[in-house]
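The following report walks through a single protein chain, beginning with its sheet and ending with a pair of helices. Please keep the sequence and the coordinates at hand while reading.

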Amino acid sequence: MKGRFIVLEGIDGCGKTTQLEHLVRWLPASGLMPDSAGLVQTREPGGTSLGRSVRELLLHTAADEAPAPIAELLLYSADRSQHVETLILPALERGDWVISDRFSGSTLAYQGYGRGLNRLLIDQLEQIATGGLQPDLTLLLELPLEESLRRRRGAAADRIEAEGQAFLGRVSEGFAEIAQHKGWFRVDAAAAPEGVSQALEQVLLEQLGG
Ligand code: TMP
């Protein structure tokens, strides 16, 4: 694959989206990307047109129409399959760089650790949806659960965010374990946004430079 694939992960409220936008502005002038490479900013769920419909089904359905746990897992997998096949792989094959707000790690953290669904099933579905594609670099923005809840106080919660503190606690612990196991880079997201941005830039320069 000629391009590079970078993923940002973390619990809701960790500042991932703000940092992703920063990296999208910073990367083209960072000296890391070849002049000929474009940068594709994307996210899961909802990185494709089909995915945006799936995102609505996943996050904004009424409680009595909400997907059951396995249906939820399959919907995230369907979104990912479409995303990889029609957006991520073609971009990487062209030599472009792709930066995504969430990828497979979120399914393991939320549906695996959060919902307690079977890990083998999750691994199998990841393999089917990604065809084995792995990010070149995954950055985990780590924020204590209490701080995440504090930051999101007053904001409208989507269906997953509304799952409650115990669920999000399991997700948070899951992310920490996955990061250790998969060799993700962990960045302290409790710092001021400029400090978090600098820490992320540093990891990218160290890991993708030269
Ligand atoms: P976002 O708000 O960061 O875009 O993420 C949407 C929500 O979907 C967030 O609460 C995390 C959740 N999610 C999962 O539960 N499983 C997944 O595989 C992904 C990608 C997201």
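Which residue in β5 is the bridge partner of L140? In this predicted model, the partner of L140 is R186. The two strands concerned, β4 (residues 137-142) and β5, are paired in the parallel sense over 4 bridges.

That pairing belongs to an open sheet of 5 strands, whose order is β2-β3-β1-β4-β5 and whose pairing is parallel. Because β2 (39-43) and β5 (185-188) each have a single partner strand, they stand at the edges, and one side of each is left without a neighbour in the sheet. On average, and with direction ignored, neighbouring strands of the sheet are turned by 20° against each other. Helix α7 (residues 165-182) packs on this sheet, where it touches β1 (5-9), β4 and β5, and the direction of α7 makes about 145° with that of β4.

Just ahead of the strands comes a residue worth a closer look. R4 lies in the segment before β1 and has a relative accessible area of 30%, which makes R4 partly exposed. Although R4 and W97 are 93 residues apart along the chain, their C-alpha atoms are separated by 4.7 Å. Leaving aside residues up to four places away in sequence, R4 touches L92, D96, W97, V98, D136 and L208.

Two loop sites call for attention on account of their backbone geometry. Most residues other than glycine have a negative phi, and most peptide bonds are trans. The table sets the two sites side by side.

| Site | Loop | Backbone feature |
|---|---|---|
| E44 and P45 | P45: between β2 and α2 (49-59) | cis peptide bond, omega about -10° |
| R102 | between β3 (97-101) and α4 (104-114) | positive phi, near 80° |

R102 has a relative accessibility of 11% and therefore counts as buried, the cut-off for that class being under 20%.

The helix that follows R102's loop, α4, has its own packing partner. The axes of α4 and helix α5 (residues 119-130) come within 10 Å and cross at roughly 155°, so that α4 is roughly antiparallel to α5. The crossing in which α4 passes α5 is right-handed. On the α4 side the contact is made by S104, T107, L108, Q111, G112 and Y113, and on the α5 side by R119, I122, E126 and T130. Sorted by class, the contact between α4 and α5 has 3 nonpolar, 5 polar and 2 charged residues.

Technical notes:
Residues numbered from 1 in each chain as written. Predicted model: local features only at pLDDT ≥ 70, side-chain atom pairs only at ≥ 80, totals over all residues. Heavy atoms only, no water. Pairing = 2+ DSSP bridges. Axes fitted to C-alpha atoms, helices over the stretch in contact; angles between N-to-C directions. Contact = heavy atoms within 4.5 Å. Buried < 20%, exposed > 50% of the residue type's maximum accessible area, 1.4 Å probe, protein only. Parallel < 35°, antiparallel > 145°, perpendicular 65-115°, else oblique. Left-handed = near helix turned anticlockwise from the far one by under 90°. Nonpolar A, V, L, I, M, F, W, Y, C, P; charged D, E, K, R; others polar.
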